[in-house]
Amino acid sequence: MSLSRYSALISAALLAACAATTPQPDGRWKSAGDNEPPIELELKNGRLSVSGGCNRLFGTARVENGVLIVDQLASTMMACDAVSMARDRDLSQLLNSRPTVRQQDGHLLLAGPGKQLELRQQEDLSAAPTRLIYVAAERRPCSGVAPMQCLQVRDSQDAPWQLHYGEIEGFKPEPGIAYRLRIKEVKVAKPPADAPSLRWVLDKVLEQKLEQQLVAP
């Protein structure tokens, strides 16, 4: 074997080893700025899912040599307002641009040509129990520590609405829109006497009801 051929094989092996050992930012991440609604990204077992308030982007993805490589990025096909649709396009362009990836101290930075996105790592709730609930389109007055407006929730469509004295983390409902959610119930170690013993954390918006029509997010 020639020296040049041997060197080429060694270089290829080293590049493959670097790619194999590149830390993969698996987990759930949420935009670190004041984005409304927040941008959420999940990478798990080579599958990428990203939402920015309108459509969900998804595909296979991996990090090699500090670059995020997304294959066959697809999207749901909801029609939203112009601002949300523009944000979807920006996200798609960033993910398809093979952005560089930097991960440090619970932060993830994706940087592409003229665009970058900073995300914060979210806690791992994979072991927490999952629950499906409906959320009514309007809040109702209620009294906790002080008068406030409570979410109305129920487990099934034929059950009566119940007041929920608290919020659902990661969920920002729009007035006039009803939702079906998948949530995680997380135990609070030492809740105050006037606080619930469970935290509700949004896992996924399954359906939303607008003008009498159910549409997938």
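This is a short walk through one chain, beginning with its overall make-up and then turning to a helix, the cores, the disulfides and a few exposed positions.

Thank you all for coming. Before anything else, please keep in mind that what you have in front of you is a predicted model, and that the values I quote are computed from it.

Let me start with the chain as a whole. It contains two helices and 15 strands, and of its 217 residues, 30% count as buried. If we take the contacts in the chain with a separation of 6 or more, residues 24 or more positions apart account for 45% of them.

Now to the helix I would like to spend some time on, which is H2, covering residues 82–96. H2 has 15 residues, and the distance from its first C-alpha to its last is 21 Å, close to the 21 Å expected at 1.5 Å a residue. Which residues of H2 are buried? They are Ser84, Arg87, Asp88, Leu91, Leu94 and Leu95, so the set includes Ser84, Arg87 and Asp88 alongside the leucines. When we look down the axis of H2, these buried residues fall within an arc of 130 degrees, and therefore they line one face of the helix. The general background here is that an α-helix has 3.6 residues a turn, so residues three or four places apart point the same way.

What does that buried face pack against? The buried residues of H2 pack against five strands, namely S3 (47–51), S4 (56–64), S5 (67–75), S7 (107–112) and S8 (115–121). As for the ends of the helix, the N-terminal end of H2 is capped by Asp81, which has a side-chain oxygen 3.2 Å from the backbone nitrogen of Val83. Beyond the other end, H2 is followed by Arg98, whose phi is positive, near 55 degrees.

This brings us to the cores. The largest nonpolar core has 19 residues, and the members that touch the most other members are Leu41, Leu48, Val50, Leu68, Leu95 and Leu110. You will recognise Leu95 from the list of buried residues of H2. The elements that give two or more residues to this core are strand S2 (40–44), together with S3, S4, S5, H2, S7 and S8. To take one member in detail, and leaving aside residues up to four places away in sequence, Leu41 touches Gly27, Arg28, Trp29, Leu48, Ser49, Val50, Leu110 and Leu119. Apart from this core lies another, of 13 residues, among them Val135, Phe171, Tyr179 and Leu181.

Next, the disulfides, of which a search of the whole structure finds two. In one of them Cys54 and Cys80 are bonded, with their sulfur atoms 1.9 Å apart. This pair links distant parts of the chain, since Cys54 sits in the loop between S3 and S4 while Cys80 sits in the loop between S5 and H2, 26 residues apart. The torsion about the S-S bond of Cys54 and Cys80 is about 90 degrees, so this disulfide is right-handed. Are its two cysteines buried or exposed? Cys54 is buried, at a relative accessible area of 8%, whereas Cys80 is partly exposed, at 27%.

The other disulfide joins Cys142 to Cys150, with an S to S distance of 1.9 Å, and this link is right-handed, with 80 degrees about the S-S bond. Here Cys142 is buried, with a relative accessible area of 7%, and Cys150 is buried as well, with 1%. Counting bonded cysteines along the chain, the disulfides follow the pattern 1-2, 3-4.

Finally, some exposed positions. Most residues other than glycine have a negative phi. Against that background, Asn45 has a positive phi of about 50 degrees although it is not a glycine; Asn45 is found in the loop between S2 and S3, and at 66% relative accessibility it counts as exposed. Asp105, also not a glycine, likewise has a positive phi of about 50 degrees; Asp105 lies in the loop between S6 and S7 and is exposed, with a relative accessible area of 71%.

Strand S6, residues 100–104, holds Arg102, which is exposed at 58%. Not counting residues up to four places away in sequence, Arg102 touches His107, Leu108 and Leu109. The C-alpha atoms of Arg102 and Glu118, which are 16 residues apart along the chain, are separated by 9.5 Å.

That is where I will stop, and I am happy to take questions.

Conventions. Residues numbered from 1 in each chain as written. Predicted model: local features only at pLDDT ≥ 70, side-chain atom pairs only at ≥ 80, totals over all residues. Heavy atoms only, no water. Helix = DSSP H or I, 4+ residues; strand = E, 2+ residues; numbered from the N terminus. Expected span 1.5 Å × (residues − 1). Buried < 20%, exposed > 50% of the residue type's maximum accessible area, 1.4 Å probe, protein only. Arc of directions from axis to C-beta. Contact = heavy atoms within 4.5 Å. Polar contact = N/O pair within 3.5 Å; in protein donor to acceptor, adjacent residues only side chain to side chain. Disulfide = S-S within 2.5 Å. Core = buried A, V, L, I, M, F, W, Y, C linked by side-chain atoms within 4.5 Å.
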